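Hi,

Here is the structure I said I'd pass on. Have a look at it first, and then read on for what turned up when I went through it.

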Amino acid sequence: MISLRDVQDAQGRIRTYVKRTPTIRSRTLSEMLGANVYLKLEVFQTTGAFKVRGAFNKILSNLEAARKSGVVAVSGGNHAQAVAYAGRLLDCKTIVLTHANIPRNYLNATKEYGAEVVLLEEFSEAFARAHEYERQGMLFVHPFDDPLVMAGQGTLGLEILEDVPELTDVFVSIGGGGLMGGTAVAIRSQKKVRFWGVETEGADAMALALAAGHPVEIRPTSIAKTLGAPSVSNATLALAREHLANLTVVSDLEALEALEVLLERAKVLTEPAASCTLAAALRAKPHFKSEHHIALILCGGNLGVDDLCEYYARFLKS
């Protein structure tokens with residue numbers, strides 16, 4: 001488990017390398033929900049997503065070993081880019097293990113940051129291969145099941161609370177649960193804010209784990225690809241039990257309809273993994289009053305044009 005002190009230490013450690021992204025009030029969404037709605041614009045983070053926070057915190061905490069033996073990561077998208085970018089800035093050799101069907105924009109960006117990319121037909125092989133590299137001396141930067149990674153992700157929670165001290169509610173999407181866990185500790189250690197977890201159908205590993213009482217392996221099918229962790233961990237499951245007031249699973253269609261609203265009304269292009277927070281907030285509208293202050297964490301914006309056009313044609317055009 002991590003503490004507020006761990007997140008504060010991470011904030012000091014990574015400050016030079018990551019952006020302090022803005023949290024802005026949306027007049028349109030506030031009117032839609034009948035409350036004060038704020039967007040945490042992590043879409044403007046370096047590499048386009050929150051993942052650089054955890055990657056830098058992990059590598060900087062083990063920098064000598066990382067420079068000596070290199071860094072290995074497992075990712076289907078944003079974590080891959082984050083680790084590759086951190087490795088380039090910190091002068092570390094980087095290997096990323098990913099699925100052969102990784103979206104082209106993620107693959108190209110990861111390679112451009114200098115990482116060696118290993119494409120695997122079965123994503124389940126990736127963690128086993130990563131542990132082999134780890135046994136050879138490389139630093140394994142897990143996408144979520146690592147206290148240093150979670151503490152790094154939690155730094156965006158500190159920023160939200162600084163920007164919106166009246167905060168009452170946070171909507172955060174869940175893949176493996178590292179972002180949820182880190183931000184919940186960062187915020188709820190200081191203020192008893194309601195945390196609303198959000199997943200999409202076909203990427204609902206946390207909902208299934210909470211129902212079963214233990215992590216459950218899934219084969220993700222949602223278009224919210226960056227939520228596609230094959231399972232949560234015991235640590236993130238425990239953090240969800242401790243901090244979540246609610247967990248909502250929305251459909252891909254709801255996530256895309258919310259994506260369209262964010263693009264047309266807030267002028268922000270997100271991934272479905274981020275827009276799903278608005279979809280869940282719209283479902284929860286009866287729970288809000290004018291005095292509530294609600295933050296939606298827009299965790300990433302790395303949606304390729306090809307995927308955007310495909311999703312529009314498949315779900316929204318009719």
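Let me start with Glu31, which is exposed, with a relative accessible area of 56%. Before I go further, please keep in mind that this is a predicted model.

Glu31 has a charged partner: it makes a salt bridge with Arg27, and the closest N and O atoms of the two are 3.2 Å apart. Arg27 is exposed as well, because its relative accessibility is 52% and the cut-off for that label is over 50%. Both residues sit in helix α2 (residues 27-33), 4 residues apart, which is about one turn of the helix. So this is a pair within a single helix, with both ends exposed.

That pair is one of 13 salt bridges found in a search of the whole structure. Since side chains of opposite charge can pair when their charged atoms come close, I went looking for other pairs, and two that involve Arg53 caught my eye.

Glu42 bridges to Arg53, with the closest N and O atoms 2.5 Å apart. Here the pair links distant parts of the chain: Glu42 is in the loop between β2 (36-41) and α3, while Arg53 is in helix α3 itself, 11 residues apart. Are Glu42 and Arg53 buried or exposed? Both are buried.

Arg53 also forms a salt bridge with Glu159, whose closest N-O approach to it is 2.9 Å. This one again ties together distant parts of the chain, with Arg53 in helix α3 and Glu159 in helix α8, 106 residues apart. Glu159 is buried, just as Arg53 is. Through shared partners, salt bridges join Lys40, Glu42, Arg53 and Glu159 into one network. If you're thinking about charges in the model, that's a part to look at.

Helix α3 comes up again around α1 (residues 4-14). Which residues of α1 are buried? They are Val7, Ala10, Gln11 and Ile14. Looking down the axis of α1, these buried residues fall within an arc of 105°, so they line one face of the helix. Among the elements that cover them are α3 (51-60), α8 (147-163) and α9 (178-188). In other words, α3 and α8, the two helices that hold Arg53 and Glu159, both help to cover the buried residues of α1.

Now for a sheet. Four strands form an open one in the order β5-β4-β3-β6, with parallel pairing. The edges are β5 (116-120) and β6 (139-141), each of which pairs on one side only. From one strand to the next, the twist averages 20°. Strand β4 (residues 94-99) pairs with β5 in the parallel sense over 5 bridges, and Ile95 stands opposite Glu116 of β5.

Beyond α8, there is Val164, in the loop between α8 and β7 (169-173). This valine counts as buried, at 1% relative accessibility. What does Val164 touch, leaving aside residues up to four places away in sequence? The answer is Thr23, Tyr38 and His293. Tyr38 is 126 residues from Val164 in sequence, yet the two are 8.4 Å apart in space, C-alpha to C-alpha.

Further along the chain, helices α12 (residues 252-266) and α14 (residues 305-316) pack against each other. Their axes come within 11 Å and cross at roughly 115°, and the crossing is left-handed. On the α12 side, the residues involved are Asp252, Leu253, Leu256, Glu257, Leu259 and Glu260; they meet Leu308, Tyr311, Tyr312, Phe315 and Leu316 of α14.

Finally, a couple of backbone oddities to check. Most residues other than glycine have a negative phi. Thr47 is not a glycine, but its phi is positive, about 75°. Thr47 lies in the loop between β2 and α3, where Glu42 is found too, and Thr47 is buried at 9% relative accessibility. Lys267, likewise not a glycine, has a positive phi near 60°. It sits in the loop between α12 and α13 (272-283) and, at 64% relative accessibility, it counts as exposed. So one of these positive-phi residues is buried and the other is exposed.

Cheers

How values were computed:
Residues are numbered from 1 along each chain as its sequence is written. This is a predicted model: local features need pLDDT of at least 70, side-chain atom pairs count only at pLDDT 80 or more; totals for chains, interfaces and linings use all residues. Side-chain values use heavy atoms; hydrogens and water are left out. Buried means under 20% relative accessible area, exposed over 50%, partly exposed in between (1.4 Å probe, protein chains only). The arc is that of the directions from the helix axis to the C-beta atoms. Contact means heavy atoms within 4.5 Å. Two strands pair if DSSP finds at least two bridges between them. Axes are lines fitted to C-alpha atoms, for helices over the stretch in contact, and angles run from 0 to 180 degrees between N-to-C directions. A salt bridge is a side-chain nitrogen of Lys or Arg within 4 Å of a carboxyl oxygen of Asp or Glu. A crossing is left-handed if the near helix is turned anticlockwise from the far one by less than a right angle, and right-handed if clockwise.
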